[in-house]
Amino acid sequence: MFKKTGVPTKEMIRSRFPKDKKVLFRPKAIIECYDEIPCNPCETVCPFSAITIGEDINAIPQIDFDKCTGCGICVHSCPGLAIIVAMIKNGKAYFKVPYELLPLPKVKERWLAVNRNGDVISKCKIENVMTAKKSTNNTTIVTVSLEQPYLYDFITIRRPHE
Amino acid sequence: MINRDLVIVGGGPAGLSAAKVALDAGMKVTLIERFNQLGGQLIKQTHKFFGSKLQYAKTRGFDIAKILIDDLNGFSHDQLEILLDATCVALYPDKVLTVYQYGKYMKYNAKSVIVATGASEKILAFENNDLPGIYGAGAIQTIMNIYGIQPGKEVVMVGSGNIGLIVAYQLLQAGVKVSAILEAASYIGGYLVHASKLKRLGVDILTNTTVKKAVGEEKLEKIITVKLDEKWQEIPGSEAEMDTDVLCISVGLSPLHQLMSMAGVKMVDISELGGLVPKKTCDYETTVDNVYACGDVTGIEEASSAMVEGRICGLMAANHLGFKHPNGEQLEDDLNNQLCVLRQGPCGEKIRCGLKKVGEI
């Protein structure tokens, strides 16, 4: 179905998260790159050598969660916008997501939380907005928080209708 | 008649890359570009590119164009002549070219020629496909990303290859609604990361579906879609209406081969490469001596490969005329290795298969 819809299955998504949820008490990159495409910026930009693709740049990236610090450099380096950073803090799920639409959210605003199917699943709180600049490949990174049960469902934010 | 070591036709990723390497080797180069600025399709590409650092991965297309153009700074006018708004209207087997610019025709006598003309869009045959409001994806990108004009209020995209997916995303960024993406095949054609990006923004990709008919008095008002079976045959009774003021056609590209055909280069029709492509040696030389070809004109592929091919082509053109690139041998190995890596995955299967069919001279 993924090849018909672009929506990965639950199993595919879970395979990209750490098996032990406790690992997410610190921020970790979740790499949703399921397709063997010739591309390796995530590997070359990672300051901690946590991401491995290897000489054949068509290989799917592998992440070492022990090395990943959740810094998010790979998030704005991924040409496919296929990487987010996830963390669990005070019972809530926190995410850093790339956002390339205007207008940008503002800190403390409530936006809609959206799943991989494009459906609204909840509301989320905008925690931080790192606006696009040259060093982030002109990609804005938004940090949001929402209820923890949405940990595996959330993928992006959507502007609420006024 | 103007005499030059090398005339390059086309100032896109392949032509610009070829020019840089040939200039570094000491050739006197003329670069001919039909548009009023260099960069080819790169200047319309707002997305970050795939590939590796060597092909400027993670840099946005229009920024890559700037890098390639900046690479040509510092060469004197004698070394590098850039003709903008200039169309190469003829290429003869003796490497004489006719160039049309600002109402005048000029003749160039080149020791070698690199054809890097790129590709043109394919169009789809259906009833009323000439109604205003029906565009090719390239035209949408031009009016939107070069001139800053929204093509309409809502768009139905036909084709889910990388261009269809990327342009659909760019339309959303420009504040235009994308109602759906139609795909005649059973599966999404482009990279699935692009498809996932669109799906999460609420855009559905309808597989086994195509456009049957456009409807409208003076301009497009709606389309009739139809479902296709696994053999691409219409399923009777599966027609449906969709209101839309813009239909964007993105069903593939075909190489702009005409100049080479005119010069008498031996051409072969290879569907995997998009149509008529030149036979060439491993040095990118066609069947006409010192006429080379690189980029999409030799087979439809990504811009990353076009840049690498362009560099190899520039190097080969220089080598054959006795110009020595300071770093020639190592560069050649390195570039060939880059192409190999870019093409070795499952996404490169079609191009590998096509290139095998073309064979070498």
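**Entry 1: the interface of A and B**

Buried area is the accessible area (1.4 Å probe) that two parts lose on being put together, summed over both. I looked this up for chain A and chain B, and they bury about 3300 Å² between them, with 58% of it on carbon and sulfur atoms. A:K3, A:K4 and A:P79 stood out: they supply 18% of the area that chain A buries against chain B, more than any other three residues.

A note on what I'm looking at: this is a predicted model, where local features need pLDDT of at least 70 and side-chain atom pairs count only at pLDDT 80 or more, while totals for chains, interfaces and linings use all residues. Residues are numbered from 1 along each chain as its sequence is written, chains are lettered from A and ligands numbered from 1 in the order in which they are written, and side-chain values use heavy atoms, with hydrogens and water left out.

Next I checked contact (heavy atoms within 4.5 Å). On chain A, 40 residues are in contact with 35 residues of chain B.

**Entry 2: what holds across it**

I went looking for salt bridges (a side-chain nitrogen of Lys or Arg within 4 Å of a carboxyl oxygen of Asp or Glu). Between chain A and chain B the count is one. Which side chains meet in this salt bridge? I found B:R60 and A:E100, at 2.7 Å from N to O.

Then came polar contacts. Each is a pair of N or O atoms within 3.5 Å; within protein, one must be able to donate a hydrogen and the other to accept it, and residues adjacent in sequence count only if both atoms are side-chain atoms. Across the interface of chain A and chain B, I noted 20 residue pairs in polar contact, both residues at pLDDT 80 or more.

Which pieces of chain A supply residues here? Helices (H or I, at least four residues) and strands (E, at least two) are DSSP runs, numbered from the N terminus. I wrote down α1 (2-5), α3 (41-45), α4 (73-77), β6 (110-115) and β9 (154-158) of chain A, each supplying at least two residues of the side that touches chain B. α1(A) gives the most, with four residues.

I sorted that side of chain A by class: 15 nonpolar, 15 polar and 10 charged residues. For the classes, Ala, Val, Leu, Ile, Met, Phe, Trp, Tyr, Cys and Pro count as nonpolar, Asp, Glu, Lys and Arg as charged, and the others, Gly among them, as polar.

**Entry 3: the two domains of chain B**

Chain B is assigned domain 1 (2-120 + 253-358) and domain 2 (123-249); such bounds come from an automatic or database domain assignment. Their C-alpha centres lie 31 Å apart. Their contact takes 11 residues from domain 1 and 14 residues from domain 2.

The two domains bury about 1000 Å² between them, and carbon and sulfur atoms give 61% of that. B:K44, B:H47 and B:F50 supply 47% of the area that domain 1 buries against domain 2, more than any other three residues. How many salt bridges did I find between these domains? Zero. I did get six residue pairs in polar contact, though.

**Entry 4: strands of chain B**

Two strands pair if DSSP finds at least two bridges between them. I traced an open sheet of five strands in chain B, in the order β8-β15-β9-β10-β11, with parallel pairing. β8 (134-136) and β11 (205-206) stand at the edges with a single partner strand each, so one side of each has no neighbour in the sheet.

Last, I found six bridges joining β12 (residues 209-215) to β13 (residues 222-227) of chain B, which run antiparallel. β12(B) and β13(B) form a hairpin with six residues between them, and B:K213 stands opposite B:I224 in β13(B).
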